[in-house]
Amino acid sequence: MALLSFIAPLIVGLIVHTILSAKYRDVEKVDKGFVLNYHRLTYRRKLIRSLWGIPFVFLIYLAIYWIGYLSSDEYRNIGIIFLLIVVADIAYHYRKWKKNGDTKA
């Protein structure tokens, strides 16, 4: 049952992401001002949003540490997974920004 409560939101999230990606594929991307919709941002703005997300990932990790009852190996593994996801996200958006030559260099 616990696995189902994890998989169902994951599937819904993937479906919504796919629909929004297709919808905003040919829409002009926004590089200034506040935009709530992630799919309308340029890669430079996605990179900035990823960098702003680092403190939130750290807070989520601390919450898991304080609330959870895991072994030290499990905490280490969760921390490594979080770190790899954040680094991969930042590296991806940086490369795409430089490759596509978004507005600001």
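This is a short talk on some side-chain and helix contacts in one structure. Hi everyone, and please keep in mind that we are looking at a predicted model.

Let's start at the N-terminal helix. Helix α1 covers residues 2-23, and Leu14 is found there. Leu14 also belongs to a nonpolar surface patch, together with Phe6, Ile7, Leu10, Ile11, Ile15 and Ile19. Taken together, those residues have about 670 Å² of accessible area.

Next, the loop after α1. How many salt bridges does the structure hold? There are two. In one of them, the side chains of Asp31 and Arg44 meet at 3.2 Å, N to O. Asp31 sits in the loop between α1 and α2, while Arg44 is in helix α2, so this pair ties together parts 13 residues apart in sequence.

Now for α2 and its neighbour. Helix α2, residues 43-52, and helix α3, residues 54-67, have axes that come within 4 Å and cross at roughly 35°. Ser50, Leu51 and Trp52 make the contact from α2, and Ile54, Pro55 and Phe56 make it from α3. By class, that gives five nonpolar residues, one polar and no charged ones.

Last, the rings. The structure holds four aromatic pairs. One of them is Tyr43 with Tyr92, an edge-to-face pair with 6.5 Å between centres and 85° between planes. Which parts of the chain does this pair link? Tyr43 is in helix α2 and Tyr92 is in helix α4, residues 72-100, so to speak of distant parts is fair: they are 49 residues apart.

Thanks, everyone!

Terms used
Residues are numbered from 1 along each chain as its sequence is written. This is a predicted model: local features need pLDDT of at least 70, side-chain atom pairs count only at pLDDT 80 or more; totals for chains, interfaces and linings use all residues. Side-chain values use heavy atoms; hydrogens and water are left out. Patches are made of residues with over 30% relative accessible area and no salt bridge: like charges are joined within 9 Å, nonpolar side chains (Val, Leu, Ile, Met, Phe, Trp, Tyr) within 5 Å. Accessible areas come from the Shrake-Rupley method with a 1.4 Å probe; for residues, only the protein chains shown count as cover. A salt bridge is a side-chain nitrogen of Lys or Arg within 4 Å of a carboxyl oxygen of Asp or Glu. Helices (H or I, at least four residues) and strands (E, at least two) are DSSP runs, numbered from the N terminus. Axes are lines fitted to C-alpha atoms, for helices over the stretch in contact, and angles run from 0 to 180 degrees between N-to-C directions. Contact means heavy atoms within 4.5 Å. Ala, Val, Leu, Ile, Met, Phe, Trp, Tyr, Cys and Pro count as nonpolar, Asp, Glu, Lys and Arg as charged, and the others, Gly among them, as polar. Rings of Phe, Tyr and Trp (its six-membered ring) pair if their centres lie within 6.5 Å; planes under 30 degrees apart count as stacked, over 60 as edge-to-face and the rest as tilted.
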